[in-house]
Amino acid sequence: MKFELKPLPYASNALEPVISKETMELHHDKHLATYVTNLNNLIQGTKFENADLETIIKEADGPIFNNAAQVWNHDFYFASFTPDGGGGEPKGKLAEVIKETFGSFEEFKKEFTNASIGLFGSGWAWLTKDNDGRLFILKESNAGNPLTKGLTPLLGFDVWEHAYYVDFRNRRADHINAIWNIIDWKVVESRY
């Protein structure tokens, strides 16, 4: 297999109580593993057989795009969390640009939370930057990925029900409010 299921950067129970071990095992070990398997099967014998994920996302469509984007999105998502002192606010240049763009970190958090909660159906909410360093919040349905728009993702919230349903049932807002407490801002800052 060309693409492999990346291991989590922490134990499957490390983000409890925000994300339970059961959710993590279903989300990472089952859902993400299926996207990886599907992608490997779909690209065999195509022009994407030897391409990297970003190339596939930018150039493919249909099932190949969907599975490639979901592999990339989930790897990105899981790397955005930490069990060790997550939450709080970003520092440095990212903090400055958030304040310039949104007025304050609290206003950014409110807008990003509202985008995450307000996305109809399944998908992703993204904090992105353009080539000039300007910040944008995007709502993308299904496997949507900012790379297709020439934007650099900085932070992504998975709002597919499988990301929260075991722990929060149909309370997406409660899940979104909880995951702010495990964001690894050092990782997000490094993406800026």
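**Notes on the backbone oddities, the hairpin and the main pocket**

1. Start with Pro17, which sits in the segment before α1. Keep in mind as you go that this is a predicted model. The reason to look at Pro17 is the peptide bond leading into it from Glu16: this bond is cis, and its omega comes out near 10°. As background, most peptide bonds are trans, and most residues other than glycine have a negative phi. The second half of that matters for the next two points.

2. Have a look at Asn142 too. Its phi is positive, about 55°, although this residue is not a glycine. Where is Asn142 found? It belongs to the loop between β2 and β3, the latter being residues 152-158. As for exposure, Asn142 has a relative accessibility of 42%, so it counts as partly exposed; the band for that label runs between 20% and 50%.

3. Arg169 goes on the list as well: here phi is near 55°, again a positive value in a residue other than glycine. The setting is the loop between α6 (165-168) and α7 (172-179). With 45% relative accessibility, Arg169 counts as partly exposed.

4. On to the hairpin. How many bridges join β1 to β2? There are seven, linking residues 123-129 of β1 with residues 135-141 of β2, and the two strands run antiparallel. If you want a pair to check the register by eye, take Trp124, whose bridge partner in β2 is Glu140. Five residues lie between the strands of this hairpin, and Gly133 has a positive phi there, near 85°.

5. Now the empty space. Rolling a probe the size of a water molecule over the atoms shows where such space is left. The largest pocket comes to about 150 Å³ in volume. It is lined by 13 residues, and those closest to the pocket centre are Lys6, His74, Asp75, Phe76 and Ala79. Two elements give two or more residues to this lining, namely α1 (21-43) and α3 (62-78).

6. Which element gives the most to the lining of the largest pocket? That would be α3, with five residues. What about the classes of the lining residues? The split is nine nonpolar, two polar and two charged. If you are setting up a view of this pocket, His74, Asp75 and Phe76 are among the residues closest to its centre, so to speak a handy place to aim the camera.

Technical notes
Residues are numbered from 1 along each chain as its sequence is written. This is a predicted model: local features need pLDDT of at least 70, side-chain atom pairs count only at pLDDT 80 or more; totals for chains, interfaces and linings use all residues. Side-chain values use heavy atoms; hydrogens and water are left out. On a 1 Å grid over the protein atoms alone, a cavity is a set of points where a 1.4 Å probe fits but cannot get out, and a pocket is an open set with protein on both sides within 12 Å along at least five of seven lines; lining residues have an atom within 4 Å of a point. Grid points are joined across faces, edges and corners, and a volume is the space filled by probe spheres set on the points. Helices (H or I, at least four residues) and strands (E, at least two) are DSSP runs, numbered from the N terminus. Ala, Val, Leu, Ile, Met, Phe, Trp, Tyr, Cys and Pro count as nonpolar, Asp, Glu, Lys and Arg as charged, and the others, Gly among them, as polar. Two strands pair if DSSP finds at least two bridges between them. Buried means under 20% relative accessible area, exposed over 50%, partly exposed in between (1.4 Å probe, protein chains only).
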